[in-house]
Amino acid sequence: MDKGIHFFSQEEGISPKIAPELLGIRGRQANEFAELGFPLLPGFILDTSIASELGSVDIKKEVKSLLDRCSKIVEKKYGDPENPMFLKIVVSPNLAVSDYPVLHNFGLVKPVIAGFTRWVGETFAAHEVLFLLRGILRIEERLKGLEGRTRERDKITAALRDLEGLVQGNHPAQSAENYMDAYAGFFPGGFFENAETQLFIVLEEISKLLAIDEQNDQDTALLIQPMVYGNYGKDSCSGGFFSRNVVTGEKKLQGNFHREKFNEFGGNGQDIQKIEPRYLKELERIARTLEDQFKEIRQIRFTIENKKLWLIDQRSMDRKSTQADIKLLLDLAERKLVDKAFVVKALEPLRLNELLRPLIDTAGVKGLKKWNGGIAGAPGAAIGRAYFSTEGLLEAQKLAKQKGEDSRFILVLPASFAGDVKAIEVAAGVLTAEGGYSAHASVVARQYGKVSLVAPALKIRGKKAALGNIGFSEGDYLTLNVPYHGESSVYQGAASLIEPKPAESGLFDFISLAKGFLKDFHVRANAETPQDVVLARSFGADGIGLCRTEHMFFQADRINVFRDMIFADSGEERNRALNKLRLMQRDDFYRIFKVMAGKEVTIRLLDAPFHEFMPHNRDELKAYLGYLEKSKKKKVSEAEVRERIEALDEFNPMLGHRGCRIAVSYPEIYAMQVRAIFDAAYRLRDEKVAVYPEIMVPIVMNASELKLIAYGKKIEGADYTGIVEVEEILREEKKVKPVPYKIGSMIEIPAAALGAADIAKYGRFFSFGTNDLTQTTLGISRDDFTGFMADYTRFDLITGNPFSTLDTRVKELIALAVERGRLTRPDLVCGLCGEHGADPGNIRFCMETGLDYVSCSPYSVPIAILAAAQEEIRRSESGE
């Protein structure tokens, strides 16, 4: 049709010769639906070339003709007193953002009220008049304001305030005709007397507005369609649904419909699956077509009027689960509608957290007192009884299991230490007052898949604690809600949780697909318990990048044996303790190697200083004294024990006697661990299991340290037996062939990074411990920086959290160490095993720098895999 007017219907789309921008965004959408063959209400578009020029263009003949075409399709007639067709007008700019109102019910004039009321009732008819008035008066208010007619605009504004109250009410005080009479003065004569007159008045008013509105740059069209009603007789209904379940991703319509109701107004909805089969089949076709077209879950609204189904609108659905998106993406890929790269690029890596952590059931927290705030240490949700000490929590857990009671607990402490690891491991979550994202409690919680929140406002006094408006005692229930994005919460009482089910969520298939894009880069896990290793492997980890052997000694049945080794009065006593520890370590390594068969396992030899293994409070000391009296069968002096513990104190233990420095002083400790590693490796080799141990020496500052520990040294009056010789001696004892292994260094202080060229002479791999490297580079304690970080951020002295996002100076040291190390040893393997390895923002740097892998907690492995796969795809698509 000429004059910039374009008709569309389910059977007829707009000519492809018409430039899409002439139709406006809503017009283009309507035409797309027409081309898909959906049961779309017919209509026509006054395109951008004429929408703001209607005062000088006569289109009455064309509009009347198109209204007749619409009437034949919807089986109602515009202006008919018995079965009237009403119109909606949509102002359709080319920009997605617009503040023009949608205008409804044009054609609702006095001659048709009686006929319309017979179909929908008096109350609904009056409401529709109010909706018509509110829409067109908003147009008039804006028009009068732009024309400078402020007095008229102010009258309209006052009328709109009154109308708003009437629209919100369920029972209009007057009839439809009375409302028309009350507001007729705002419009030209005949506005409520004749349907055609009303329509052309409205079109001219809108056109005037578009002509002078700065928001319109001759790029706005008008979309005109008939209206249908879900309450237009007993064979009518309205409803809305999602193209699949937005929580589970099940390929089944989710939503409801309302019989004889319009827009769910006052209706009691029924499950969409209970709608008549012929409608359900068509709605399913629409849903599947839309998902295939848009490659996402869609929200759809429909109306059935007198047994005829009409699609009202459809849109993107923002509030949906990650599981639902994954299920859709895998479905599209299986049917070859998208390629694998599309699937991998479609999700932000951090969204996978939702599949790995329990979620709060929001319906279960109503009525619970809540405190908001804190620093997220490890995301997720946790419920349990609060205990204020490791000993108290472990004892409570033991009793709960014996009695068959609830064994969920929240560990509540000012701060955690190495001795609290065993409580964090069995707790559902940990709430502390000190530190931040990189505090001990946060790091350990992420390692074990627990929830962690740091709340500086937390005050603990004896067996009671306070957090803002929440007060609780030991044994009371708490609920922690720590989302990955947004504000964290602590609830007083027990909510209910939705537990993750990775196998059912599609996560494993999704990660397998993502791993297919990884070439020379892979993701390992930080893990030292068999259960964590199993979990890491199931999440796609290609090896262990950090097995922290000191964590193995904190278990209740081991820590006192380790203390015996530290406090031994003779070589015989020390060797006895070391032998017990060796057997424990051997069994641990055996299980870890077996799960990771064929993959590298990087074992960090003892790193923690001795003081971390000591009792930290009165209860722990009392328990240790009891152990000593029982094992030594004699009374032990508390003062003597305290004296020996205090002798281990250091002013700055994290830069003191730890890591390889302990091995220089006590070579027998590393020798014990190395024997345990190869005991396990030889046994598995005999079982035909491929084992690839990587032995890592921590806190190295120069090449001489690594050379000594790896290869030993003979000096006058003393010999130092290195790792290589320990393995050779053990192999000779067992009369076995060697297993392949590597010795390497952790690079976690600037001196090691700068001396990488020399260190690489004696180490075959580097692993960057970026937690300590950040601390030693910036001179910031990860456990204390939150005390002043807010001030630094306020004055822009530092950007972000350097313990989650790598600092540029730390990056520079890593890049320098890789470059210098590979000049000495071109095949040097380099990885990153700090908490930074879990941050997708750091992975691109790691890949660009030439690292071979990152290693992170098991629950972060899928996130790192996805981030790495997306980076590989980006490189491929950009030609890098």
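Salt bridges are a good way into this predicted model: the structure holds 64 of them. Side chains of opposite charge can pair when their charged atoms come close. The protein chain supplies 117 positive and 124 negative side chains, and the centres of those two sets sit 4 Å apart.

Let's look at a few pairs. Arginine 153 and aspartate 154 join through their side chains, with 3.1 Å from N to O. Arginine 153 has a relative accessibility of 29%, so it counts as partly exposed. Aspartate 154, at 41%, is partly exposed too. Further along, glutamate 687 meets arginine 683 in a salt bridge of 3.6 Å, N to O. Here again we're in partly exposed territory, with glutamate 687 at 34% relative accessibility and arginine 683 at 42%.

Now turn to glutamate 528 and arginine 548, whose closest N and O atoms are 3.3 Å apart in a salt bridge. Glutamate 528 belongs to the loop between β26 (522–526) and α17 (530–538), while arginine 548 is in strand β27 (residues 544–548), so this pair ties together parts that are 20 residues apart in sequence. Both glutamate 528 and arginine 548 are buried.

While you're in this area, find glycine 543, in the loop between α17 and β27. Its relative accessible area is 0%, so glycine 543 counts as buried. What does glycine 543 touch, leaving out residues up to four places away in sequence? The list is Arg524, Ala525, Met596, Lys599 and Glu600. For a sense of distance, the C-alpha atom of glycine 543 is 29 Å from that of glutamate 334, and the two residues are 209 apart along the chain.

Glutamate 334 is a handy pointer, as helix α9 covers residues 322–334. With 13 residues at 1.5 Å each, α9 should span 18 Å, and because its end C-alpha atoms are in fact 18 Å apart, the expected span and the model agree. How much of this helix is buried? The count is 11 of its 13 residues, so α9 is largely enclosed by the rest of the structure. Buried here means under 20% relative accessible area. The buried set includes Ile326, Leu328, Leu329, Leu330 and Leu332, but also Thr322, Gln323, Asp325 and Asp331. Among the elements covering these buried residues are α8 (277–294), α10 (340–345) and α11 (353–356), along with α15 (502–505) and α16 (507–515). Just after α9, lysine 336 takes a positive phi of about 60 degrees.

Asp331 brings us back to salt bridges: this buried residue of α9 is part of a network that links Arg244, Lys251, Arg288, Glu291, Asp292, Asp331 and Arg335.

Finally, zoom out to the whole protein chain. There are 33 helices and 35 strands, and the C-alpha atoms fill a box of roughly 115 × 60 × 55 Å along the principal axes. Of the 880 residues, 54% count as buried. If you take the contacts with a separation of 6 or more, 71% of them are between residues 24 or more positions apart. As for the outside, the accessible surface comes to about 37900 Å², and carbon and sulfur atoms account for 49% of that.

Notes. Residues are numbered from 1 along each chain as its sequence is written. This is a predicted model: local features need pLDDT of at least 70, side-chain atom pairs count only at pLDDT 80 or more; totals for chains, interfaces and linings use all residues. Side-chain values use heavy atoms; hydrogens and water are left out. Helices (H or I, at least four residues) and strands (E, at least two) are DSSP runs, numbered from the N terminus. The expected span of a helix is 1.5 Å times one less than its number of residues. Buried means under 20% relative accessible area, exposed over 50%, partly exposed in between (1.4 Å probe, protein chains only). Contact means heavy atoms within 4.5 Å. Accessible areas come from the Shrake-Rupley method with a 1.4 Å probe; for residues, only the protein chains shown count as cover. Lys and Arg count as positive and Asp and Glu as negative; His and the chain ends are not counted. The place of a charge is taken as NZ of Lys, CZ of Arg, CG of Asp or CD of Glu. A salt bridge is a side-chain nitrogen of Lys or Arg within 4 Å of a carboxyl oxygen of Asp or Glu.
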